[in-house]
Amino acid sequence: MPYFDEFWVSDNTDALQRVYIQWGTSLFFPANAMAQHIGGVPYWNTGGRITPIKFRCDVAMSGRLGIELQPKHMNDEERLQCTTCFADYKELRQTVQTGDLYRLQNPYNRKGIASLMYVNGDKSQAVVFAYKVDNYYSMPIPRIRLRGLDADATYTVSEKDVKAWQKPCELNGRTFTGRFLMDVGLEIP
């Protein structure tokens with residue numbers, strides 16, 4: 001760290017694997033030093049797994065966002081999603097890269113999801129990342145209780161990085177107190 005301001009977390013750029021890799025790496029290094037890139041698919045090291053471009057963008061946004069896709073080889077969906085991702089990230093970058101990190105749902109606990117969040121210094125903005133890492137029939141998604149917020153402040157939920165053809169989740173635009181978000185939490189659809 002004294003010699004470089006950014007480092008590559010792993011050569012494995014498979015988005016699902018990166019959820020686990022980045023979780024572990026964040027135990028030692030801050031988000032603003034961890035290069036997290038949107039990679040291509042199929043990924044050779046995981047038997048050719050193909051993950052959706054939105055998932056790859058969302059995973060990469062939880063650190064220092066970058067891209068490894070060759071623009072001339074991207075399809076229209078990838079171009080549009082990456083454009084949306086980078087525009088949204090510019091709004092969140094300061095909080096993600098310099099905010100306090102809270103680990104909410106450990107992917108290694110086998111509850112099917114991983115979730116972490118960043119809160120800026122004055123607690124006026126928080127960025128929550130939630131990833132579904134397992135998929136099975138009738139899988140219950142645990143409620144996510146946020147942390148590090150101002151209990152007496154109000155927060156408006158704003159879903160970012162939404163596909164152009166997709167409508168935001170039902171929580172989008174709703175306002176909650178910090179106390180509610182920390183004590184009761186959110187049911188992520």
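In what sense do strand 4 and strand 5 pair, and over how many bridges? The legends below take up this question first and then turn to other parts of the structure, which is a predicted model.

**View 1. The antiparallel sheet that holds strand 4, strand 5 and strand 6.** Strand 4 and strand 5 pair in the antiparallel sense, and 5 bridges join them. They belong to an open sheet of 3 strands, in which the order is 4-5-6 and the pairing is antiparallel. Strand 4 and strand 6 are the edge strands of this sheet, and because each has a single partner strand, one side of each has no neighbour in the sheet. If the direction of the strands is ignored, neighbouring strands here are turned by 15 degrees against each other on average. For one pair of facing residues, look at Leu-101, which stands opposite Tyr-118 in strand 5. Helix 3 packs on this sheet, where it touches strand 4, strand 5 and strand 6, and the direction of the helix makes about 85 degrees with that of strand 6.

**View 2. Val-128 and the residues that it touches.** Val-128 is found in strand 6, and with a relative accessibility of 33% it counts as partly exposed. When residues up to four places away in sequence are not counted, Val-128 touches Leu-104, Ser-115, Leu-116, Met-117 and Leu-146. Val-157 lies 29 residues from Val-128 along the chain, and the C-alpha atoms of these two residues are separated by 9.8 Å.

**View 3. The parallel sheet that holds strand 1, strand 2 and strand 3.** This open sheet of 3 strands has the order 1-2-3, and its strands pair in parallel. Strand 1 and strand 3 (64–67) stand at the edges with a single partner strand each, so one side of each is left without a neighbour in the sheet. Between strand 1 and strand 2 there are 2 bridges, formed in the parallel sense, and Trp-8 has Ala-35 in strand 2 as its bridge partner. Two helices can be followed across the strands of this view. Helix 1 lies across strand 1 and strand 2, and it runs at about 170 degrees to strand 2, while helix 3 lies across strand 2 and strand 3 and runs at about 155 degrees to strand 3.

**View 4. Helix 1 and its buried residues.** Helix 1 covers residues 15–25, and because 8 of its 11 residues are buried, this helix is largely enclosed by the rest of the structure. The buried residues are Ala-15, Leu-16, Arg-18, Val-19, Tyr-20, Gln-22, Trp-23 and Thr-25. These buried residues of helix 1 pack against strand 1 (7–8) and strand 2, against helix 2, and also against strand 4, strand 5 and strand 6.

**View 5. The packing of helix 2 against helix 3.** Two packed helices are described by the angle between their axes and by the distance between those axes. For helix 2 and helix 3 (residues 76–98), the angle is about 25 degrees and the axes are 10 Å apart. Since angles under 35 degrees count as roughly parallel, helix 2 is roughly parallel to helix 3. The crossing of these two helices is right-handed. On the side of helix 2, Ile-53, Lys-54, Arg-56 and Cys-57 take part in the contact, and they meet Glu-77, Glu-78, Gln-81, Cys-82 and Cys-85 in helix 3. The residues of this contact divide into 4 nonpolar, 1 polar and 4 charged.

**View 6. Backbone details in three loops, at Pro-42, Arg-110 and Lys-123.** Most residues other than glycine have a negative phi, and most peptide bonds are trans. Pro-42 lies in the loop between strand 2 (34–38) and helix 2 (53–60), and the peptide bond that joins Val-41 to Pro-42 is cis, with an omega of about -5 degrees. Arg-110, in the loop between strand 4 (100–105) and strand 5 (113–119), is not a glycine, and yet it has a positive phi of about 60 degrees. With a relative accessibility of 60%, Arg-110 counts as exposed. Lys-123 lies in the loop between strand 5 and strand 6 (126–132), and its phi is also positive, near 60 degrees, in a residue other than glycine. The relative accessible area of Lys-123 is 35%, and this residue is partly exposed.

Note on methods: Residues numbered from 1 in each chain as written. Predicted model: local features only at pLDDT ≥ 70, side-chain atom pairs only at ≥ 80, totals over all residues. Heavy atoms only, no water. Helix = DSSP H or I, 4+ residues; strand = E, 2+ residues; numbered from the N terminus. Buried < 20%, exposed > 50% of the residue type's maximum accessible area, 1.4 Å probe, protein only. Contact = heavy atoms within 4.5 Å. Axes fitted to C-alpha atoms, helices over the stretch in contact; angles between N-to-C directions. Parallel < 35°, antiparallel > 145°, perpendicular 65-115°, else oblique. Left-handed = near helix turned anticlockwise from the far one by under 90°. Nonpolar A, V, L, I, M, F, W, Y, C, P; charged D, E, K, R; others polar. Pairing = 2+ DSSP bridges.
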